[in-house]
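Colleague: Could you take a close look at one spot in this model for me? I'd love to see how it sits in its chain and in the contact between the chains.

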Amino acid sequence: MGEGRSPAFYWLAAFFAAFVLFLYGPMIVIFILSFQGPTGGLTFPLNGLSFHWFERLWHGGGIVDISGAFERSLKLGLVVMILTVLLSLSAGLAFRKRFAGSNLLFFVAVASLIVPSIVTSLGIALEFRLLDDFLKNHGPEWLAGDLKTTMGTFTSGLGAHLTWTLPFGLLVMFAIFNRFDNRYEEAARDLGATPWQTLRHVVLPIILPSVIGVGLFGFTLSWDEIARSSQAMGEHNTLPMELQALTTTVTTPEIYALGTATTGVSFAVIALALLAITLIRSRQARHGSDAGQA
Amino acid sequence: MPFGLVFLFFFVIPLILVVIVSFWDYNDYEMLPSFTARSYTETFEGCLAKLPDVCTILRTYASTAKFCFIVWLSTLLIGFTIAYFLAFYVRTVTMQMVLFLVCTIPFWTSNVIRMISWIPLLGRNGLVNLALTRFHIVDRPVEWLLYSPFSVGLAFTHLFTFFMVVPIFNSMMRIDRRLIEAAYDSGASAWQTLWNLIIPLSKPGIVIGSIFVVTIVMGDFITFDVMGGEQIASAGKVVETRLNALQFPPAAANAVILLAVTLLIIVALNRIVDVRKEL
């Protein structure tokens with residue numbers, strides 16, 4: 001503060017720079033090492049540069065079912081993303097008015113963030129195990145006959161991920177609607193728009209960039225999730241779980257290649273989302289909102 | 001409302017089931033519905049008999065709590081300094097946003113990757129050891145850098161400091177700038193302003209950040225596994241070990257204990273701040 005730059009500023013700026021280096025340094029190192037030559041090991045020096053480890057990864061050399069896990073994580077991430085957007089949006093709209101149990105629901109959502117993930121994961125695993133037992137013993141014949149388990153990526157696994165992404169989604173929605181100018185809606189209503197028209201042509205276009213942000217958040221949270229997935233995925237692992245398992249068994253730069261590749265997917269998704277947001281923003285700037293059209 | 005249903009089915013009911021199952025009996029391959037404290041008594045087995053020695057489970061919790069404290073302290077000190085810099089020394093909002101984004105980017109990749117990225121730095125032949133031996137600071141590579149309590153603490157700090165920065169920054173941005181000018185005008189030094197004005201007013205952020213960091217460390221088992229070389233016990237890992245052995249009731253009992261301890265810490269954190277506010 002004060003007028004000129006004080007000495008304190010330079011100390012703090014240096015501290016900040018060190019912090020950024022601390023954040024990025026290790027990541028940059030594995031990024032470089034993933035291009036390690038075929039004879040190279042887990043640490044420096046680099047023995048040449050190559051795509052060797054990426055190729056091995058691609059062909060699934062030595063590693064079990066990486067492409068399967070990749071595909072599952074991608075699909076799960078997309079489903080989680082869509083559900084997170086739809087459910088957070090509807091919840092965000094609902095929370096604008098007080099309703100019976102709104103405080104309770106908010107409390108539960110925040111609690112879901114704070115309760116250790118392993119506890120939630122264990123609970124979900126128990127729930128589905130007991131459900132399995134119940135269905136096998138009391139379920140109808142056609143169902144109980146060849147039922148193995150109800151646990152899976154898109155039942156228990158999906159639920160586990162949603163308990164993680166939805167609270168974040170809801171908090172972002174709160175932030176959005178706190179800044180939302182209610183007069184737009186009132187104006188639409190005064191002009192004779194139905195509630196649905198108001199939502200579709202006025203509210204949604206205004207908050208669309210933030211909604212894309214929620215979806216993006218949902219995808220990356222799911223894509224990297226591991227603690228909650230640990231007990232709740234059933235027989236098939238997601239990509240981060242495979243990665244964790246590999247840290248103990250694999251001793252080649254292949255694991256760095258996998259790390260670089262998964263990071264690449266996150267970055268691509270984020271870049272796409274940012275691009276979409278920019279496009280929407282510039283379109284709105286050029287044409288105004290599409291309120292009232294069609 | 002579907003939003004509520006998701007939490008009912010995948011959060012509330014599971015938690016209730018954990019508590020119920022923790023009182024069930026079990027044998028080698030299945031759990032048996034009943035009401036027994038067996039899982040709890042087994043968990044604390046020998047705790048009374050071995051006195052004054054500390055039994056395994058208490059030692060595990062003490063060790064986890066120690067990690068919690070160290071990580072909390074380091075993330076708080078670093079996080080507060082970063083937030084203080086961003087909130088009061090960066091002048092334009094655009095610059096604040098840019099610097100904030102710079103700090104957020106590493107979160108776009110998975111925690112496991114951020115953990116293993118320390119291996120080339122801290123390993124026996126890693127860069128740090130290379131530098132230390134090159135400059136003859138040590139004769140032999142230092143072993144305690146990786147797969148040690150040090151690397152676990154370092155990884156936690158690396159992963160979660162930003163969770164401290166965000167809420168503290170948020171609190172700081174809400175401080176009325178006129179208060180600070182008033183403090184300066186009344187002759188307060190920068191330190192006095194920091195200590196008597198900014199820190200007290202940032203307390204809500206500090207508490208929220210602390211709750212985040214402490215609950216994460218208490219329940220973690222992955223960082224302990226990957227960075228500790230599977231040698232360091234933690235409260236979360238006890239649950240996981242029981243689960244891997246398919247012993248659900250003891251796992252549930254340990255989960256209940258873990259949950260109770262975590263909640264106690266959160267309550268205590270709130271208490272500390274409220275008490276101070278009243279003084």
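To set the scene, what percentage of the 279 residues of chain B count as buried? And then, what can you tell me about Tyr89(B), buried or exposed?

Modeller: Happy to, and please keep in mind that this is a predicted model. In chain B, 41% of the 279 residues count as buried. The chain is built from 14 helices and two strands, and its C-alpha trace spans about 70 × 55 × 45 Å along the principal axes. Among the chain B contacts with a separation of 6 or more, 67% are between residues 24 or more positions apart.

Now to your residue. Tyr89(B) belongs to helix α3 of chain B, which covers residues 56–89. Tyr89(B) has 17 other C-beta atoms within 10 Å, and because a buried residue needs 20 or more while an exposed one has 12 or fewer, it counts as partly exposed. Within chain B, Met172(B) is 83 residues away from Tyr89(B) in sequence, and their C-alpha atoms are 12 Å apart in space.

The other chain comes in here too: setting aside neighbours within four places in sequence, Tyr89(B) is in contact with Phe9(A) and Leu12(A). Stepping back to the whole contact, chain A contributes 62 residues and chain B 63 residues. Several helices of chain A supply at least two residues each to the side that touches chain B, among them α1 (7–33), α3 (66–94) and α12 (254–287). The most comes from α1(A), with 16 residues. By type, that side of chain A divides into 44 nonpolar, 16 polar and two charged residues.

Terms used:
Residues are numbered from 1 along each chain as its sequence is written. Chains are lettered from A and ligands numbered from 1 in the order in which they are written. This is a predicted model: local features need pLDDT of at least 70, side-chain atom pairs count only at pLDDT 80 or more; totals for chains, interfaces and linings use all residues. Two residues are in contact if their C-beta atoms, placed from the backbone, lie within 7 Å. Helices (H or I, at least four residues) and strands (E, at least two) are DSSP runs, numbered from the N terminus. Ala, Val, Leu, Ile, Met, Phe, Trp, Tyr, Cys and Pro count as nonpolar, Asp, Glu, Lys and Arg as charged, and the others, Gly among them, as polar.
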